[in-house]
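Work through the exercises below with the model open. Try each task before you read its solution.

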Amino acid sequence: MIKITDLHANVEGKEILRGINLEVHAGEVHAIMGPNGSGKSTLASVIAGRDNFEVTQGEIEFEGKNLLEMSPEDRANAGIFLSFQYPVEIPGVSMTNFMKAAINEQRKYKGLEPVKPAEFLKMMKEKAALTSMDSALISRPVNEGFSGGEKKRNEIFQMAILEPKLAILDETDSGLDIDALKIVSEGVNKLKSSDNALILVTHYQRLLDYIKPDFVHVLYKGKIVKSAGKELALELEKKGYDWLKDLEI
Amino acid sequence: MNYKNIYNIAANLSESLFPCYINSFRNRALDEIKNSEFPNIKQEKYKYTPLADIFDGEYVPVNPFDWKKPAESNFSVIDDAIKIYTVNGVCINNEIRSEGGFVYGSLLLAAREYEEIVEKYCNRLADITDLPTALNIATALSGVYVSVDPGVKTTRPLMIINIIDSDSNIFSQQHNLFVFGENSVAEIIECNIGVSDASTLTNNLSETVIKPDAQVNFVRIHDKGLLSRHVSSDYSRQYSGSVFNCSNIILGGGLVRQNTEIHLAEKHCYSNLYGLVVAGNKQHVDNYTFIDHAVLECQSNELYKSILDDKAVNVFNGRILVRPDAQKTVAYQSNRNVLLNTGAKIYTKPQLEIYADNVKCSHGATVGQLNEDAIFYMQSRGISKSTAQSLLMSGFANEILNKIKNFAFREFLLSRIEKILAHG
């Protein structure tokens with residue numbers, strides 16, 4: 001589904017990603033772990049197309065397309081979804097209008113007619129129930145005044161509406177208590193299928209108790225230094241990240 | 001001819017044309033014009049919008065008997081509204097009507113039929129030392145009169161549609177008087193529009209009296225052509241327990257100077273003053289507001305927002321005066337601006353003068369660009385950058401539009417604003 005080859009990226013002239021190689025297939029769940037500042041969120045942002053990162057080398061191929069040449073909106077419409085670590089508040093724009101605009105752009109991209117109002121409302125209702133999103137939040141401005149947990153739930157709600165092929169969850173567990181984490185993870189698990197894939201970016205093993213990864217990668221100083229099965233996450237939990245300092249990179 | 005010629009004609013008009021209570025004000029206004037200069041950049045209140053050059057321009061006086069019946073405009077979208085039309089400042093209703101709880105018609109007729117009310121309020125709220133106001137008092141012949149009787153709770157809005165329709169550079173004026181009786185409820189929507197591409201000049205004056213416990217929503221829209229110049233001086237006086245929601249929405253017009261003064265004359269008045277400016281090209285918009293807390297325990301809340309593109313210039317001067325007797329005043333003011341282009345300019349000046357010691361007052365001004373994080377957030381959901389920008393701008397404008405009670409009109413304005421922004 002996605003193939004990242006020798007990816008290098010800078011932010012403000014400083015090299016953050018220093019040769020990432022990663023391949024994710026449909027049906028797989030990959031966890032990317034690592035200490036703070038290792039480049040996890042940068043990788044997520046570069047895949048989504050944030051323009052304050054400069055890709056200096058390497059390629060990202062998504063379903064045969066050169067992702068790096070596509071605008072962020074085209075990437076989204078092609079099936080990439082980024083769940084933000086810090087979802088943005090958009091005063092004055094209601095969740096309904098926001099999601100309607102998103103759905104219609106996606107349909108336009110696929111050559112479909114705009115969604116009918118009744119169909120749209122039904123979809124919003126169903127997906128809200130599926131992801132335990134409080135329906136009162138849907139009529140409010142995007143993320144404005146939402147609690148930390150509500151914001152993260154809202155990300156998963158949007159993911160449910162947009163049905164991406166590849167979802168990248170950037171530190172979705174940060175700032176969540178155990179109950180909120182459970183609800184969010186349940187939502188994600190319901191959306192999981194053999195046709196889509198997940199990349200979980202996380203600092204802690206905690207999230208992986210609820211969403212089981214097939215592969216765990218350790219990112220350090222902009223490179224994937226170790227890849228293994230889910231047992232690696234447990235090992236990291238025990239050992240911490242200090243052992244990385246002894247690695248020569 | 002320029003304003004001096006118009007002044008000369010007015011000065012020579014026979015006093016017998018007007019009721020004597022009007023003449024005393026006309027004479028004072030004529031003196032004021034004779035003895036002062038039209039505002040130039042040296043005058044603080046008009047510093048960024050010196051009117052002298054504009055009023056010195058060449059204009060054609062309006063012939064009050066020469067007008068075309070106005071076509072249905074987009075602004076008449078509200079089906080159930082009661083509508084009054086003026087063309088080039090002339091009220092075309094030739095009678096005073098009573099409908100839906102409103103009494104309305106031309107001020108000239110009302111001066112005869114409702115002499116007692118007109119005499120009591122007309123010219124008495126206006127600041128005659130303000131030159132555009134003085135010029136209007138001295139030389140404007142008529143305008144719109146609207147009143148709501150005490151206790152009447154109207155349910156339909158009243159729309160005043162002021163149309164400028166002329167191929168020549170006309171100078172038009174109108175003087176409006178609104179009187180809302182004790183404990184009445186009303187909504188007024190005033191639309192200033194033009195079907196003219198000429199360099200017209202309009203100098204309007206309104207006086208609004210809000211009696212005890214009355215609740216009034218007043219929405220004023222400016223949406224004229226890029227060559228038009230419009231000066232609007234609006235004076236309101238609130239009495240005890242009244243609620244006044246006033247919104248000034250400025251979308252079109254080459255130059256718009258909007259003076260909005262609210263005098264809180266008795267206890268427990270509540271004022272909400274809102275403004276929205278959406279301007280591009282070389283539009284010049286200047287909002288001067290003055291809220292006068294004259295007595296204790298009144299509350300005012302002021303929010304002005306703007307979205308500026310191209311080489312538009314916007315001025316906000318928000319003056320709030322809390323007089324020594326106005327203890328326990330609550331007065332909030334906020335001015336928020338978004339600049340879409342490096343050529344656009346905003347001059348913002350809060351001006352709080354507080355002479356009482358037990359008050360809650362605050363003010364703030366912000367100038368910024370559209371939030372890049374929000375734009376990327378929307379893009380990451382598949383929304384194109386341009387759609388994301390216009391959603392953000394509509395969202396920004398919505399905070400003001402949401403204050404407008406009438407749903408149909410609010411939706412109409414939102415689509416109008418979206419259209420204006422899409423052109424940018």
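**Exercise 1.** How far apart do the C-alpha centres of domain 1 of chain B and domain 2 of chain B lie?

*Solution.* Start with the conventions. This is a predicted model, where local features need pLDDT of at least 70 and side-chain atom pairs count only at pLDDT 80 or more, while totals for chains, interfaces and linings use all residues. Residues are numbered from 1 along each chain as its sequence is written, and chains are lettered from A and ligands numbered from 1 in the order in which they are written.

Next, find the bounds. Domain 1 of chain B covers 3-266 and domain 2 covers 374-424; such bounds come from an automatic or database domain assignment. Their C-alpha centres lie 31 Å apart.

Now look at the contact. 11 residues of domain 1 of chain B meet 12 residues of domain 2 of chain B (contact: C-beta atoms, placed from the backbone, within 7 Å). On the domain 1 side, strand 13 of chain B supplies the largest share, 3 residues. By class, that side of domain 1 of chain B has 7 nonpolar, 3 polar and 1 charged residues (nonpolar: Ala, Val, Leu, Ile, Met, Phe, Trp, Tyr, Cys and Pro; charged: Asp, Glu, Lys and Arg; polar: the others, Gly among them).

**Exercise 2.** Place strand 17 of chain B among its partners.

*Solution.* Strand 17 spans residues 299-308 of chain B (strands are DSSP runs of E, at least two residues; helices are runs of H or I, at least four; both are numbered from the N terminus). Two strands pair if DSSP finds at least two bridges between them. Strand 15 (residues 270-279) of chain B runs parallel to strand 17 of chain B, with 10 bridges. Here B:Y274 stands opposite B:L303. Strand 19 (residues 330-339) of chain B also joins strand 17 of chain B by 10 bridges, again parallel. There, B:Q299 has B:V330 as its bridge partner.

Why is strand 17 of chain B largely enclosed by the rest of the structure? Because 7 of its 10 residues are buried (buried: 20 or more other C-beta atoms within 10 Å of its own, with C-beta atoms placed from the backbone).

**Exercise 3.** Describe the side of chain B that touches chain A.

*Solution.* Count first. The contact takes 17 residues from chain B and 20 residues from chain A. Helix 7 (372-379) and helix 8 (385-401) of chain B each give two or more residues. Helix 8 of chain B gives the most, 7 residues. By class, the chain B side has 7 nonpolar, 7 polar and 3 charged residues.

How values were computed:
A residue is buried if 20 or more other C-beta atoms lie within 10 Å of its own, exposed if 12 or fewer, and partly exposed in between; C-beta atoms are placed from the backbone. Two residues are in contact if their C-beta atoms, placed from the backbone, lie within 7 Å.
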